[in-house]
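Colleague: I have the model open on my screen and would love a close look at one part of it. Could you pick a helix and walk me through what surrounds it?

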Amino acid sequence: MHGELAIPASTLLAFGLVLMRLVGIFVLIPLPVKDAGPSAARIVFALAATIALFPVWPHVNPAVTLGTVLGWVVSETSLGLAMGLMVSFLAEAMTLGAQIL
């Protein structure tokens, strides 16, 4: 009695969208050991966080056009990059404030 492994297209699309946002965040976020470890650790951390966020993945209709999917990927990636950049700016501002004090 063999079971089939079937992953719906909507689940794969939701996984990709959440992964794009998290990779955008973790690329720019300042980690304490940024230069000490390889950048592959950021990718593994983004994959682990994506899997951990499975209960809150968006419900996506798999019958969408390629242009719509491409628009979603661009918007999710740019949102992730903007969030990572914002956190990076805040960390630098706090560092500068602490040095001034």
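Modeller: Happy to! One term first: a residue is buried under 20% relative accessible area, exposed over 50%, and partly exposed in between (1.4 Å probe, protein chains only). This is a predicted model, in which local features need pLDDT of at least 70 and side-chain atom pairs count only at pLDDT 80 or more, while totals for chains, interfaces and linings use all residues. Residues are numbered from 1 along each chain as its sequence is written, and side-chain values use heavy atoms, leaving out hydrogens and water.

Let's take α3, which spans 66–100; helices here are DSSP runs of H or I with at least four residues, numbered from the N terminus. Start at L81, which sits in helix α3. With a relative accessible area of 35%, L81 is partly exposed. L81 also belongs to a nonpolar surface patch of about 430 Å², together with V27, L28, L85 and F89. (A patch takes residues with over 30% relative accessible area and no salt bridge, joining nonpolar side chains within 5 Å; areas are Shrake-Rupley values.) Two elements, α1 (9–28) and α3, give two or more residues each to this patch. The biggest contributor is α3, with 3 residues.

The patch leads us to α1, so look at how the two helices pack. Their axes lie 6 Å apart, at an angle of about 25°; axes are lines fitted to C-alpha atoms over the stretch in contact, with angles from 0 to 180 degrees between N-to-C directions. Because angles under 35 degrees count as roughly parallel, α1 and α3 are roughly parallel to each other. Their crossing is right-handed, meaning that the near helix is turned clockwise from the far one by less than a right angle.

There is a charged contact here too. The side chains of E76 and R21 form a salt bridge, at 2.7 Å from N to O. This pair connects helix α3, which holds E76, with helix α1, which holds R21, across 55 residues of chain. The rule asks for a side-chain nitrogen of Lys or Arg within 4 Å of a carboxyl oxygen of Asp or Glu, and the count comes to 1 salt bridge. The two partners differ in cover: E76 counts as buried at 18% relative accessibility, whereas R21 counts as partly exposed at 30%.

Staying with α1, F26 is another residue of that helix, and at 12% relative accessible area F26 is buried. From the C-alpha of F26 to that of S39 is 9.8 Å, with their positions 13 residues apart along the chain.

Now bring in α2 (40–52). The axes of α1 and α2 come within 9 Å and cross at roughly 135°, which makes α1 oblique to α2. This crossing of α1 and α2 is right-handed.

Finally, follow the loop between α2 and α3, where you will find L53. L53 is partly exposed at 35% relative accessibility, and its C-alpha lies 8.4 Å from that of V18, although the two are 35 residues apart along the chain. The loop between α2 and α3 also holds V64, partly exposed with a relative accessible area of 27%. V64 and F45 are 19 residues apart in sequence, and their C-alpha atoms are 29 Å apart in space.

Key. Patches are made of residues with over 30% relative accessible area and no salt bridge: like charges are joined within 9 Å, nonpolar side chains (Val, Leu, Ile, Met, Phe, Trp, Tyr) within 5 Å. Accessible areas come from the Shrake-Rupley method with a 1.4 Å probe; for residues, only the protein chains shown count as cover. Angles under 35 degrees count as roughly parallel, over 145 as roughly antiparallel, 65 to 115 as roughly perpendicular and the rest as oblique.
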